[in-house]
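Student: I'm new to this structure and would like a close look at just one part of it. Could you take me through the sheet and what sits along it?

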Amino acid sequence: MALVILSFVSCRKRDALLPGNYVVFESAAQGLTASENTITVKVKVQSGVSTDVPIVISLTEQGVVYGTDYITVPAAANGKISLVIPSGNNEASFTLTKMP
């Protein structure tokens with residue numbers, strides 16, 4: 001299964017992260033082995049946030065189709081997964097499950 005995920009931060013100016021507190025994926029690369037069906041993908045910031053920070057992850061599919069080959073929790077809508085890094089935390093995550 002091939003899947004490329006790009007992340008973009010979507011927030012109002014007053015919700016913006018402090019300079020130098022960027023959102024990054026916990027792992028540079030992640031995948032499923034033949035025996036695995038599910039993985040958890042984490043996005044993190046260097047330090048906790050003082051307000052809820054919305055994150056939008058855009059999916060770019062290469063050789064797979066959402067809903068046919070894989071699904072995510074939370075579900076993607078229009079090729080995007082919406083997450084929130086809650087106030088006082090430094091990460092959010094989503095689960096990717098390969099379809100049988």
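Tutor: Happy to, and keep in mind that this is a predicted model. Let's start at one end of the sheet. Strand β2, residues 24–25, is joined to β3 by two bridges, and the two strands run antiparallel. If you want a spot to look at, find V24, which stands opposite K44 in β3.

Now follow β3 itself, which covers residues 38–44. Its side chains take turns: I39, V41 and V43 point to one face and are buried. T38, T40, K42 and K44 point to the other face and are not buried. That means K44, the residue facing V24, belongs to the set that is not buried.

Next comes strand β7, residues 91–98, which is linked to β3 by seven bridges, again antiparallel. One pair to pick out here is T38, whose bridge partner in β7 is T97.

Put the pieces together and you get an open sheet of four strands in the order β2-β3-β7-β5, with antiparallel pairing. Because β2 and β5 each have a single partner strand, they stand at the edges, and one side of each is left without a neighbour in the sheet. As for what holds such an arrangement together, strands of a sheet pair through backbone hydrogen bonds, either parallel or antiparallel.

Let's stay at the β5 edge and zoom in on T72, which is found in this strand (residues 70–73). Is T72 buried or exposed? With a relative accessibility of 4%, T72 counts as buried, because the cut-off for that is under 20%. Setting aside neighbours within four places in sequence, T72 is in contact with Y66, I81, F94, T95 and L96. With Y66 there is also a polar contact between the two side chains, at 3.1 Å. A polar atom of the T72 side chain also lies 3.3 Å from the backbone nitrogen of A76.

Y66 leads us to the last stop, the aromatic rings. The count here is one aromatic pair. Its members are Y66 and Y70: the ring centres are 5.1 Å apart and the planes are at 90 degrees, so the pair is edge-to-face. The two tyrosines sit in unlike surroundings: Y66 is partly exposed, with a relative accessible area of 26%, whereas Y70 counts as buried at 0% relative accessibility. So, when you look at Y66, you can trace two links: a polar contact to the side chain of T72 and an edge-to-face ring pair with Y70.

Note on methods: Residues numbered from 1 in each chain as written. Predicted model: local features only at pLDDT ≥ 70, side-chain atom pairs only at ≥ 80, totals over all residues. Heavy atoms only, no water. Phe/Tyr/Trp six-rings, centres within 6.5 Å; stacked < 30°, edge-to-face > 60°. Buried < 20%, exposed > 50% of the residue type's maximum accessible area, 1.4 Å probe, protein only. Polar contact = N/O pair within 3.5 Å; in protein donor to acceptor, adjacent residues only side chain to side chain. Contact = heavy atoms within 4.5 Å. Pairing = 2+ DSSP bridges.
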